[in-house]
Structure formats: structure tokens, C-alpha cells
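Here's a quick tour of one chain, written for someone who likes backbone angles and packing geometry. Have the model open while you read.

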Amino acid sequence: MRLRNGTVATVLVFITFLSLSWYTAWQNGKEKLIAYQREFHALKERLRIAEHRTLQRSSELNAILEQFRRAVAETNGSKAALNNFSDETLKLLKELTSRKSLQVPNIYYHLPHLLKNEGSLQPSVQIGLGRTGDLDYVHSVVASLEKEFSTEISSGLVEIISPPATYYPDLTNLKETFGDSKERVRWRTKQNLDYCFLMMYAQKKGIYYIQLEDDIVVKQNYFSTIKNFALQLSSEDWMILEFSQLGFIGKMFQSPDITLIVEFIFMFYKEKPIDWLLDHILWVKVCNPEKDAKHCDRQKSNLRIRFRPSLFQHVGLHSSLAGKIQKLTDKDFLKPLLHKIHVNPLAEVSTSLKVYQGHTLEKTYMGEDFFWAVTPVAGDYILFKFDKPVNVERYFFHSGNPEHPGDILLNTTVEVLPFKNEDLVLSKETKDKRLEDGYFRIGKFESGIAEGAVDPSLNPISSFRLSVIQNSAVWAILNEIHIKKVTT
């Protein structure tokens, strides 16, 4: 009997050891997978930056070619001038200037006055690691910053730059638009040019660019929050991440996108403020003139992703425009986060539920708010109809929130409609989940949460549906929606 007990004990210990070993191996495998995913996204970003730099070099070479052409044109065939060049140089000039390739507009097309001064695109003040500049210009500001941030400047973390006066065109005869005064039009036009100069200077110094002002306060751990949010979206094709709803504050871009943004602003820098121009860029990229505004907003929401609550609050009272009092504050700065943000596939959303106080389903799906509805009854539904069929890996729906934890979805199922409903190769278990209207019931809400994987044989998916199968005694809040696409 002792032998048997001892054997049982030995087996139990061995099984426990195996379980721990398997769990450890599984954990290590999971960590390696996460590490590989991060390396893959980092590699993808480096390739994107390399492609962008290749395009930059191409643009620079075209500019040099244009200078060669001008040099030859200025000689007017003068033999005296051409005698100064060697035979090899003459041969190269002839070859280069004989090419008839089309030339695209560049910064000199939009700002031709820059050609008058070679230093127009060089900062007149440039303070940082190993650099000095002309401290007569904006001397008091520079001196104050050097005193306040001497360690950061010495380490190269902080740099101070100022555009030269020759960078700016004549701003005295600008057209007054949108009811703005002459002074305000001049102020906003110069501001657009200032932003462009800063973005061009900073583009090569990092992977991301975020615009901040000197009269803001920030939330604790804002830097790690921004970094983690960007990494979370590394597989998404976003263009702007917003960490504040005010103007241009807290807008973050990927460095390769800055070229497009700057070029667009240069085209219209005299016409509108920069925050309006940013919205126009998105409109041009994804909006269909034949569709309505709601469709356009859906398309833009995948390029312009808002983080809530805001990480930056504007506290300055006096604007750089003389006499202007700036009382704008970000109302989202102190709000508790009652919903979670995810980037979901583009979809048209609808529901039979009665919406309460403007907490719409559209806002929830785009990560802007939570959805709140009056008491659901049997037959009610929430529908997410994708613009294009999507290969879905997993889904997650969370109902209720910290302020109203009891307002959850009960007796509600999760259903999907495959794009190819006829020629599906399915297991018997999956076939049994088919409903009369072609949907497949793949899950249900338990304790206010529905989550699970989508059978790959059902992909691609045309739509998701949440169906209420029994009357509820409580209202319903949906504060998190995550339909995760299969990553390739």
C-alpha cells in the first residue's frame, strides 16, 4: 500500500512538473511570438522609411539636374563660359540637359522667393548638441530656454531653431478670407509656414512627429501612453493620431507622411488654418464625392484616430496673435475613460435599439464614446455591415461601464454572415450553428461580455450581428467593440 501511495505521489509530482514545464514553454513561446511581431512591425516601419528616403534622394537629384540645366542655359552657348569646364563635365552637362523627363512641382514652385537667397531653408538660429547660431535673433527667448533646459540642450534632447527672415514671402497683401481680419490672415499664414519649417527640420530625427505648444499641461505618463498606443496600431494604416481635440495640439504623424502633409500645406498655406487643411488631406485621400458625409466620416476615421481622454490641456491665455485672448480648453482632458478604443474594419452600423442622450453606435464603433440604449427587447439587434468582406480572427464585445456596471447586454447572441454562404466547407459543429437567414451563431454574452475566435472556414465575413433573444430588465451600454482582422 505504501508502494502504491508512493507511486501515486511520484506520478502526481511528475504530472505537476510536466504541467509547469508545458506552461513555461507556452509562456516562453508566447513571449517569443510577441517579440517577433514587434520586430516585424519595426522592420516594416524601417522599410517604409527607407522607401521614403529613396524618394527624397530622387527628388534631390532632380533638383540638382534642374540646377545644371539653368547653368547651361545661363551660358547661352558662350564659348568663353564653356571653356571653364573640362571635357568630362561638358559631356555630363550635355547628357543631363538633353533629358526631357517631366518635372514635378517642388517647394520653389509654391515659394519662388526662396530662390533669391541660398540660406532661406537654413535655420538662422540652431542650438543643440554641437551646434551654435546667430544669437542676436530672438535672443531673449533663446537665452531663457538655454537657462531652463541647459542639460537637455547639451545632451541633444532639445534643439532650438528659428527660420530666417528670407524663408517668409511677402505677407502684406494677403487675401482676407472667412471673415478674418488682415492681421489674423497674416498670423495664420505665417503659422502654417512655421509648422512646415519645423516638420521639415524634424522629419529625419525620428519615426514619429508630434506637434505640441509651450502653453499646455500634460497627463502623467503621457509619453509611454503615446508610445504604447502607436505600437498597438502599428499594423494599421493610420495617418494622424490625435491626443487632444484642440487645433493642431497633440497631433502625431509618421515621419514618412510628413512630406505629403508639408507639400499639401504649401499648396494652400494662404487659404486656411492648418487644422482645416489636415481634414482636407484626409478628404482628398479617402472620401468619395458620390457618397454622403457619414460615409466620408467613416473612411476618415481609419486614417485619423482619436485617443481619449486627451493627454494635453491648453492653459495659455494670450495668443501669439496680438490682442487675441485664447480661452479654449479641452473638455476631454479630465474626463474618466468610460469606453475603450480599438481600430475596427470599416463598416456601416445600425441598430433597432433606442439610443439614449446621443451615445450612438457610430461613435462607439469609431472609439469616440460608449453606446447607451433603452431597455432591449426580444428581436432587437446591433448590426455591423462591413464595407468590404473581412477575414476576422477574433471578436470582443464588452457591455456596462464603471459608472453604470449593471447596464449590460443579457440574453444576446453573436452572429456572423459569411461573404460566400453557398460553397463553404464546414464541420458538422459549425453547420449546426447556421440560422435560417444565412447567419451563423458563434457566441453569446455572459456576464456582459462576448468574446471568441471566428472559425476560419467562415471567412471572409460580410457582417456581424448582436441579436437580443429575450426581453431585458435593464438598459444596455456597449463600451468596447473589437473586431480583430487576421494579420498577414
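Start with Pro460, which sits in the loop between β15 and β16 (461-468). The peptide bond between Asn459 and Pro460 is cis, with omega at about -5 degrees. Bear in mind that this is a predicted model, so treat backbone details like this one as computed values.

Two other loop residues are worth a look for their phi angles. Phe178 lies in the loop between β2 (160-162) and α7, and Asn221 is in the loop between β4 (216-218) and α8 (222-232). Phi is positive for Phe178, a residue other than glycine, at near 60 degrees. Asn221 is also a non-glycine residue with a positive phi, near 65 degrees. Asn221 is exposed, with a relative accessible area of 52%, which clears the 50% cut-off for that label.

Zooming out, the chain has 13 helices and 17 strands. Of its 488 residues, 38% count as buried. Take the contacts between residues at least 6 apart in sequence: 73% of them join residues at least 24 apart.

Now for the sheets. One open sheet has four strands in the order β10-β17-β12-β15, with antiparallel pairing. Its edge strands are β10 (371-373) and β15 (449-453), and each of these pairs on one side only. From one strand to the next, the twist averages 20 degrees. Inside this sheet, β12 (residues 392-399) and β17 (residues 476-485) run antiparallel and are joined by seven bridges. Arg394 is found opposite Lys484 of β17.

Another open sheet of four strands follows the order β3-β6-β5-β7, and here the pairing is mixed. β3 and β7 (304-306) are at the edges with a single partner strand each, so one side of each has no neighbour in the sheet. Ignoring direction, neighbouring strands are turned by 20 degrees against each other on average. The pairing of β5 (residues 240-242) with β7 is parallel and spans three bridges. Within that pair, Ile240 has Arg304 of β7 as its bridge partner.

Helices pack on this sheet too. α7 touches β3 and β6, and its direction makes about 155 degrees with that of β3. α10 lies across β5, β6 and β7 and runs at about 125 degrees to β7.

Here are the computed angles between elements side by side:

| Pair | Angle |
|---|---|
| α7 and β3 | about 155 degrees |
| α10 and β7 | about 125 degrees |
| α9 and α10 | roughly 115 degrees |

How do the axes of α9 and α10 cross? Helix α9 (residues 258-268) and helix α10 (residues 274-286) have axes that come within 10 Å and cross at roughly 115 degrees. The two helices are therefore roughly perpendicular to each other. Their crossing is right-handed. On the α9 side, the contact is made by Leu260, Ile261, Phe264, Ile265 and Phe268, while α10 brings in Ile274, Leu277, Leu278, His280, Ile281, Val284 and Lys285. By type, the residues of this contact divide into ten nonpolar, one polar and one charged.

What else does α9 pack against? Its buried residues are Ile258, Ile261, Val262, Phe264, Ile265 and Phe266. These buried residues pack against α4 (107-110), α7 (182-202), β3 (208-211), β6 (251-254) and α10.

How values were computed:
Residues are numbered from 1 along each chain as its sequence is written. This is a predicted model: local features need pLDDT of at least 70, side-chain atom pairs count only at pLDDT 80 or more; totals for chains, interfaces and linings use all residues. Side-chain values use heavy atoms; hydrogens and water are left out. Two strands pair if DSSP finds at least two bridges between them. Axes are lines fitted to C-alpha atoms, for helices over the stretch in contact, and angles run from 0 to 180 degrees between N-to-C directions. Angles under 35 degrees count as roughly parallel, over 145 as roughly antiparallel, 65 to 115 as roughly perpendicular and the rest as oblique. A crossing is left-handed if the near helix is turned anticlockwise from the far one by less than a right angle, and right-handed if clockwise. Contact means heavy atoms within 4.5 Å. Ala, Val, Leu, Ile, Met, Phe, Trp, Tyr, Cys and Pro count as nonpolar, Asp, Glu, Lys and Arg as charged, and the others, Gly among them, as polar. Buried means under 20% relative accessible area, exposed over 50%, partly exposed in between (1.4 Å probe, protein chains only).
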